[in-house]
Amino acid sequence: LNRRLAEFGTTIFAEMSALAVRTGSINLGQGFPDADGPEEVREAAVRALRDGRGNQYPPGPGVPELRHAVAAHQQRFYGHLGLSYDPDTEVLVTAGATEALAASLLALLEPGDEVIALEPYYDSYAAGIALAGGRRVPVTLRADPASSTYRLDLDELRDAVTDRTRLILLNTPHNPTGTVLTREELAEIARLARERDLLVITDEVYEHLVFEGEHIPLASFPGMRERTVTIGSAGKTFSFTGWKVGWVTAPPELVGAVRSAKQFLTYVSAGPFQYAVAEALALPDSYYTGLRDDLRAKRDVLARGLTAAGFGVFSPSGTYFITTDIRPLGHDDGFAFCRTLPERAGVVAIPNAVFYDHKDQGAPYVRFAFCKQESVLRDAANRLQKL
Ligand code: PMP
Ligand code: GLN
């Protein structure tokens, strides 16, 4: 393994899911739903396969049906903010958001360029930046136990920008903290990007999983569309994490750059699922609100259970995840806590420290996923109460 990748080893998600299987534990670690997405969307995939649509190499930027559906989705949900994209020149289909992230970083960074990322950050960000020869500069979201939320210190963000900063890698709604950046915060980030002439890659895969507040795409702020690469994923929006269908929306020059990288990573993304996701994106608004309401109820079940079990619970405004503080339980090392949790309680969780460069900042926090059946969440909560 080369020096760029040596520090990364196996992802925590694979490691913890394997631990869950080995110990027969309830897996609240890796974020994937335990119920598949809509039946009619699965049927659409079967139809595409059977009818021979996408069984041979589809077009590099994605099949036209999906590109048009992505553009229509952006128009439907964000058109009122003045945001829309041309399906032929401003949309790129990728193998999940993970490839979108890697291809964007590979396409846009020169070796030595600095990338500002909110810490804790999703694990593939660090690896993606390293593969591209960039340098990550984390800006730490601060835990505020009084409000049970995490907050971004805009002065810290501003101070992190140097002459070497090429781009900001943003994530809202934010994994693992569940933070949804506010209009004011986003406006400040936009101002900074304009002032310092930075690009922004914004990972908005949880755009429809917002329980309080609203999701506002960064690209909708003045002067941002031309410098922003926005990333979405069918994994989160339609509960098909195994399909690995994601997309990028950006102006033609940026999409073209990302496409240059993508063509040598995967060439194209798998065909039949693209037709199915195109149909999924056209589902009525009630699908999207239903998904959100269902996950909000699940969040509440798990939050109550974790509170009753004695955890400090940060209240997520979005995503699949609840971050907890384990200090009220008499622990301060999330790694050690998660390593022994399967045998002590039959539950698997993720130590937030893996998402930090400043490991000490993340040490006492542990993440639980709530994208599971309510009965599973209740079972897990009961087990944790015996800790
Ligand atoms: N970004 C974030 C913030 C995520 O949580 C995930 C994983 N679910 C991804 C990107 C990767 O998404 P995909 O499965 O579409 O590659
Ligand atoms: N995004 C999911 C999580 O944070 C996992 C995705 C993965 O395993 N790469 O749990």
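1. Helix H6 spans residues 123–131, and its buried residues are Ser-124, Tyr-125, Ala-126, Gly-128 and Ile-129. Here a residue is buried if 20 or more other C-beta atoms lie within 10 Å of its own, exposed if 12 or fewer, and partly exposed in between, with C-beta atoms placed from the backbone. Helices (H or I, at least four residues) and strands (E, at least two) are DSSP runs, numbered from the N terminus. The cover over the buried residues of H6 includes helix H5 (96–108), strand E3 (114–119), strand E4 (135–140) and E7. A contact means that the C-beta atoms of two residues, placed from the backbone, lie within 7 Å. After H6 comes Gly-133, with a positive phi near 75°.

2. A word on what you are looking at: this is a predicted model, where local features need pLDDT of at least 70 and side-chain atom pairs count only at pLDDT 80 or more, while totals for chains, interfaces and linings use all residues. Residues are numbered from 1 along each chain as its sequence is written, and chains are lettered from A and ligands numbered from 1 in the order in which they are written.

3. Now the overall fold. The protein chain has 15 helices and 15 strands. Its radius of gyration is 20 Å, which agrees with the value near 21 Å for a compact globule of 387 residues; the radius is taken over C-alpha atoms, and the globule rule is 2.2 Å times the number of residues to the power 0.38. Along the principal axes, the C-alpha atoms fill a box of roughly 55 × 55 × 45 Å. Of the 387 residues, 52% are buried. Among contacts with a separation of 6 or more, 73% join residues 24 or more positions apart.

4. On annotation, an unreviewed UniProt entry lists residues 26–383 as "domain: Aminotransferase class I/classII large". Over residues 26–383 the chain is 42% helix and 17% strand, with the end C-alpha atoms 10 Å apart.

5. You may want to look at the loop between strand E7 (165–171) and helix H8 (183–195), where Pro-173 is found. The peptide bond from Thr-172 to Pro-173 is cis, with omega near -15°. Pro-176 lies in the loop between E7 and H8 as well, and the bond leading from Asn-175 to Pro-176 is cis, with omega near 15°.

6. Asn-175 also appears around ligand 2, together with Thr-11, Phe-13, Gln-30 and Gly-31. A residue is near a molecule if its C-beta atom, placed from the backbone, lies within 6 Å of it. By class, this shell holds one nonpolar, four polar and no charged residues.

7. Two non-glycine residues with positive phi are next. Asp-197 has phi near 55° and sits in the loop between H8 and strand E8 (199–203); it counts as exposed because it has 9 C-beta neighbours inside 10 Å. Tyr-267 has a phi of about 70° and lies in the loop between helix H10 (252–265) and helix H11 (271–281). With 11 C-beta neighbours inside 10 Å, Tyr-267 counts as exposed.

8. Lastly, an open sheet of four strands runs in the order E11-E12-E15-E14, with antiparallel pairing. Strand E11 (312–313) and strand E14 (350–351) are at the edges, each with a single partner strand, so one side of each has no neighbour in the sheet. Strands pair if DSSP finds at least two bridges between them. E14 and strand E15 (residues 365–369) run antiparallel and are joined by two bridges, with Pro-351 standing opposite Val-366 in E15.

Key. UniProt positions renumbered as here; feature names shortened; annotations may be inferred. Nonpolar A, V, L, I, M, F, W, Y, C, P; charged D, E, K, R; others polar.
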